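I opened my notebook to look around a structure I had not met before. Here is what I looked up, entry by entry.

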Amino acid sequence: MFPPAFAPRMGYLCKYLKRMGWEITVVTEYIEDDTFRFLAENAKVTYIDFYPRRNGSRILRRAEWLWVMLLDLLFHYKDWRTARVCRPLLQANKYKCILCSTYRTYPLTAARKLSKRFNLPFVADLRDIIEQYPSNEYISHRFNIRPRWLNTLITKLFRHRLLRDRNKALREARYITTVSPWHVQTLRPYNPNVRLIYNGYDPDMFYPQAIKNEQFWITYTGRLLSIAIRNPDLLFEAIRRLANDRVIDPALFRVVWYMDEKSHALIRQEAKRHKVEEFMDYHDYVPASEIPFILNKSSVLLSLANKSGSSGPKGIMTTKFFEFLAVEKPILCVRSDEACLAEAIRETNSGLAATQMGEVYDFLKRQYETWEEQGYTSISVNKEKRIKYSREEQAKQFAQLFEEL
């Protein structure tokens with residue numbers, strides 16, 4: 001994806017590459033989303049709309065999605081169309097490199113074939129990979145086919161096909177770039193030339209401001225695919241105990257969620273189970289340009305995670321964490337992944353990656369008392385460690401890689 005859709009990694013990369021004098025042409029799937037519209041002007045963009053009937057009836061939309069999925073499974077339809085759009089661009093201009101950024105597999109097959117045809121080096125950038133999820137959260141639309149055994153079989157075949165096509169492309173890439181040390185180790189067997197380029201924050205937008213707030217806000221921005229990936233239990237247990245001990249009052253202490261409706265439903269269910277519904281506030285997504293003010297107005301920034309391992313998520317370091325880091329507000333990570341994210345929080349001195357409820361209780365009590373005294377909170381982040389997560393620095397890493405090629 002590319003802006004205006006939710007695509008901060010590529011959107012910010014183009015912003016800073018353009019400042020460095022690079023010329024970028026983007027071919028991407030059209031997604032109906034305006035979250036990052038302010039980043040859409042940094043490259044020449046061609047959008048491919050695979051679902052033009054999105055405004056039709058529910059039955060028509062479902063039929064169109066199933067048809068496109070079937071064509072894609074049988075004939076690599078989306079990659080074929082993408083390559084067809086790219087060919088005249090590559091014939092008419094003197095490009096030096098193909099960069100393909102994906103969260104699953106598409107459009108790696110198109111990039112691999114175009115690389116061969118036009119004899120251009122090909123870099124595969126993997127933001128998220130199938131292996132990082134504990135279950136099938138990488139599938140954005142569930143198949144929901146009956147009987148259940150058929151649904152399981154199709155899901156298994158779909159996963160096999162995605163991994164087969166991805167790994168074939170990775171073996172032919174000149175370099176792989178990816179987002180965490182765990183991702184580097186997981187992808188290296190397919191290609192030894194793997195570079196770590198973290199996600200990050202835009203220094204033009206995200207920087208600390210002391211904004212007083214009449215309420216103590218714990219703020220979360222983003223999706224919640226499943227409790228297996230991001231588990232808020234320790235937070236809710238600590239809030240319940242703080243309330244029972246009369247440390248906090250729901251009139252002043254709020255947990256503010258900026259999420260989609262499906263994520264809201266998951267949080268409402270968990271909040272009800274822990275009997276902390278009265279502390280919750282729910283909001284829809286807001287444009288990305290509004291996020292810096294919301295973060296600076298907050299007292300604690302919430303990073304939801306879970307213990308990394310065979311049955312849990314692996315290597316997930318979301319853009320949200322780096323943006324939290326940039327505004328120098330206390331970060332609360334529950335539950336600690338006890339891996340990459342916890343290590344980044346420790347080395348930057350940016351907050352707490354919690355493994356026990358008591359830690360969360362003490363952390364929130366301390367931050368709440370600070371807010372009561374001065375109306376806002378802050379934390380002394382290790383600035384030397386933080387700078388490596390700047391989008392500008394990451395664009396320099398990409399530029400260096402392209403120059404080598």
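**Entry 1: a loop between two helices.** I am working with a predicted model. I began at H76, which sits in the loop between α2 (58-75) and α3. I checked its backbone angle and found that phi of H76 is near 55 degrees, positive even though this residue is not a glycine. I noted for myself that most residues other than glycine have a negative phi, and that most peptide bonds are trans.

**Entry 2: another positive phi.** I then went to K275, in the loop between α8 (261-273) and β9 (280-283). K275 is not a glycine, yet its phi is positive, at about 60 degrees. Is K275 buried or exposed? I looked it up: K275 is exposed, with a relative accessible area of 60%.

**Entry 3: helix α4 and its surroundings.** Next I turned to helix α4, which covers residues 108-118. Which of its residues are buried? I wrote down L108, T109, A110, A111, R112, L114 and S115. I reminded myself that an α-helix has 3.6 residues a turn, so residues three or four places apart point the same way. I also asked what covers the buried residues of α4. The cover includes two helices, α3 (77-92) and α5 (148-172), along with the strands β3 (98-102) and β4 (122-126).

**Entry 4: either end of α4.** Just after α4 I found N119, with a positive phi of about 55 degrees. On the other side, P107 lies in the loop between β3 and α4. I looked at the peptide bond from Y106 to P107 and saw that it is cis, with omega near 0 degrees.

**Entry 5: a second cis bond.** I came across a cis peptide bond between V334 and R335 too, with omega of about -20 degrees. R335 belongs to the loop between β11 (331-334) and α11 (340-348).

**Entry 6: the cysteines.** How many disulfides does the structure hold? My count came to 0. C97 is in no disulfide, and the nearest cysteine sulfur, in C100, is 11 Å away. C97 is partly exposed, with a relative accessible area of 22%. I then asked why C333 has no bond to C340. The sulfur in C340 is the closest cysteine sulfur to that of C333, but the two are 12 Å apart, so they are too far for a bond. C333 itself is buried, with a relative accessible area of 0%.

How values were computed:
Residues numbered from 1 in each chain as written. Predicted model: local features only at pLDDT ≥ 70, side-chain atom pairs only at ≥ 80, totals over all residues. Heavy atoms only, no water. Buried < 20%, exposed > 50% of the residue type's maximum accessible area, 1.4 Å probe, protein only. Helix = DSSP H or I, 4+ residues; strand = E, 2+ residues; numbered from the N terminus. Contact = heavy atoms within 4.5 Å. Disulfide = S-S within 2.5 Å.
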